[in-house]
Amino acid sequence: MKITLPNIEPGQGPVLMLNMIRFRDKKIYFEQYIPAFNQVVQQLGIEGVTVKLVSEVVANIMADEDEQWDEIVVVEYPSAEAFLTIAQSEIYHEIANPLREAGTAELKLFMTRKIDF
């Protein structure tokens, strides 16, 4: 999988990935995908990947009626490059991605950066 980030310059620091998830099998996602993902991160030697929020969606307030999400997960990566290294790695696609696909019916990802105000 090739991901391009046209507005992200290298070396700009941490990014937060907003994951909007509709589950196919929540048990596979949390009991198999998450440990496999952590194994990939460890094998790639990337430090500083941290789950910041796991939250159940309880109501669809301002979204299309067909947008039904089960959970929102926010994960901090030390940099956009760290995320890309993981997401594009062969080991991720061999070990973790099949479990992510088995556990999720739909997934949207948004790369964000914290704004201090």
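**Exercise 1. Find which residues Arg100 touches, leaving out those up to four places away in sequence, and place Arg100 in this predicted model.**

*Solution.* Let's start with the neighbours.
- Step 1: Beyond that sequence window, Arg100 is in contact with Tyr33, Tyr92 and Leu107.
- Step 2: Now look for the secondary structure; Arg100 belongs to helix α3, which covers residues 90-103.
- Step 3: Next comes accessibility. The relative accessible area of Arg100 is 18%, and the cut-off for buried is under 20%, so Arg100 counts as buried.
- Step 4: Finally, check the side chain: a polar contact of 3.0 Å joins it to the side chain of Asn97.

**Exercise 2. Classify the ring pair of Tyr29 and Phe30, and say whether each residue is buried or partly exposed.**

*Solution.* A pair of aromatic rings is described by the distance of the centres and the angle of the planes.
- Step 1: There are eight aromatic pairs in the structure. In the one formed by Tyr29 and Phe30, the centres are 5.1 Å apart and the planes meet at 80°.
- Step 2: An angle over 60 degrees counts as edge-to-face, and that is the class of this pair.
- Step 3: Tyr29 is buried, at 6% relative accessibility, whereas Phe30, at 30%, is partly exposed.

**Exercise 3. Do likewise for Tyr33 and Phe37, then find the cluster they belong to.**

*Solution.*
- Step 1: Here the ring centres lie 6.0 Å apart with the planes at 40°, so the pair is tilted.
- Step 2: Tyr33 and Phe37 sit four residues apart in helix α1 (residues 26-44), about one turn of the helix, and both are buried.
- Step 3: Follow the ring pairs and you get a cluster of Phe23, Tyr29, Phe30, Tyr33, Phe37 and Tyr92.

Notes:
Residues numbered from 1 in each chain as written. Predicted model: local features only at pLDDT ≥ 70, side-chain atom pairs only at ≥ 80, totals over all residues. Heavy atoms only, no water. Helix = DSSP H or I, 4+ residues; strand = E, 2+ residues; numbered from the N terminus. Buried < 20%, exposed > 50% of the residue type's maximum accessible area, 1.4 Å probe, protein only. Polar contact = N/O pair within 3.5 Å; in protein donor to acceptor, adjacent residues only side chain to side chain. Contact = heavy atoms within 4.5 Å. Phe/Tyr/Trp six-rings, centres within 6.5 Å; stacked < 30°, edge-to-face > 60°.
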